[in-house]
Amino acid sequence: MKLTRPLIVAAALAAALAGAAFAGVVAHRSATAKTINVTEKEFHISLSPKKGAVGPVKFVIKNTGKLTHALAISGPGVKLKKTALIKPGKSATLAVTLKSGTYTLWCPVPGHAAQGMKTSLTVPGATTGGSGGSGGGTTSTPATTTGGGAAWA
Ligand SMILES: [Cu+2]
């Protein structure tokens, strides 16, 4: 069976190339995607862990309910991302790059969010690679009034 060998090598090479391409897309830099598990049922969404981290994140959404659900997310840098409908017992994944701030997650199936399928995910500021990060913004120093009105004399 010498003939099958080149085929196997070719297949392995193709798989390696595909793997490298996939890694390149997902990893971007050196950060590896963390996983946040999302469980959906009537009518509740639970997250594990409950806090996110800055960087690429893979949401793994499992529908443990009896109805079809889905997951939508919006927040800093994410206008709107959502899964297709997830049938009972099925799961889906959603890749999102998180920034610090608060994200809203909800079930986009009409009526479900209103019944409780809505939650939020807090992402604390990055502790590594200080690109701006925390602070700034609200430093509204009140106009220095030292010296009082003496200048008006
Ligand atoms: Cu739902």
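Donors are N, O and S atoms within 2.8 Å of the metal (3.2 Å for Na, K and Ca); water is not among the atoms, so sites may look incomplete. The legends below describe a predicted model, in which local features need pLDDT of at least 70 and side-chain atom pairs count only at pLDDT 80 or more, whereas totals for chains, interfaces and linings use all residues. Residues are numbered from 1 along each chain as its sequence is written, and side-chain values use heavy atoms, with hydrogens and water left out.

**View 1. The copper ion is held by two histidines and a cysteine: His69, His112 and Cys107.** The coordinating atoms are ND1 of His69, SG of Cys107 and ND1 of His112, at 1.9 to 2.2 Å from the copper ion. Along the sequence these donor residues follow the spacing H-x37-C-x4-H. Cys107 has a relative accessible area of 1% and is buried, a term that means under 20% relative accessible area (exposed is over 50%, partly exposed in between; 1.4 Å probe, protein chains only). His112 is also buried, at 7% relative accessibility.

**View 2. The protein chain contains 1 helix and 8 strands.** Helices (H or I, at least four residues) and strands (E, at least two) are DSSP runs, numbered from the N terminus. The order of elements along the sequence is α-β-β-β-β-β-β-β-β. Of the 153 residues, 22% count as buried. Contact means heavy atoms within 4.5 Å; among contacts between residues at least 6 apart in sequence, 56% join residues at least 24 apart.

**View 3. Strands β5, β4, β7 and β8 form, in that order, an open sheet with antiparallel pairing.** Two strands pair if DSSP finds at least two bridges between them. The edges are β5 (78–82) and β8 (118–123); each has a single partner strand, so one side of each is left without a neighbour in the sheet. Neighbouring strands are turned by 20 degrees against each other on average, direction ignored; axes are lines fitted to C-alpha atoms, for helices over the stretch in contact, and angles run from 0 to 180 degrees between N-to-C directions. Strand β4 (residues 72–75) runs antiparallel to β5 and is joined to it by 3 bridges. Within this pair, Ala72 stands opposite Lys82 of β5.

**View 4. A second group of 4 strands makes an open sheet of mixed pairing, in the order β2-β1-β3-β6.** At its edges are β2 (44–48) and β6 (91–98), each of which pairs on one side only. From one strand to the next, the twist averages 25 degrees. Strand β3 (residues 55–63) is antiparallel to β6, with 8 bridges between them. Pro56 has Thr97 in β6 as its bridge partner.

**View 5. Cis peptide bonds join Glu42 to Phe43 and Ser48 to Pro49.** For Glu42 and Phe43, omega is about -20 degrees, and Phe43 lies in the loop between β1 (34–41) and β2. For Ser48 and Pro49, omega is about 0 degrees; Pro49 is found in the loop between β2 and β3.

**View 6. The pLDDT stays under 50 over residues 24–28.** The pLDDT is the predictor's confidence in each residue, from 0 to 100. Residues 24–28 have 3 contacts beyond four places in sequence in the model. Over residues 130–153 the pLDDT is below 50, and this stretch has 0 contacts beyond near neighbours in sequence. For the protein chain, the mean pLDDT is 79, with 61% of residues reaching 70 or more.
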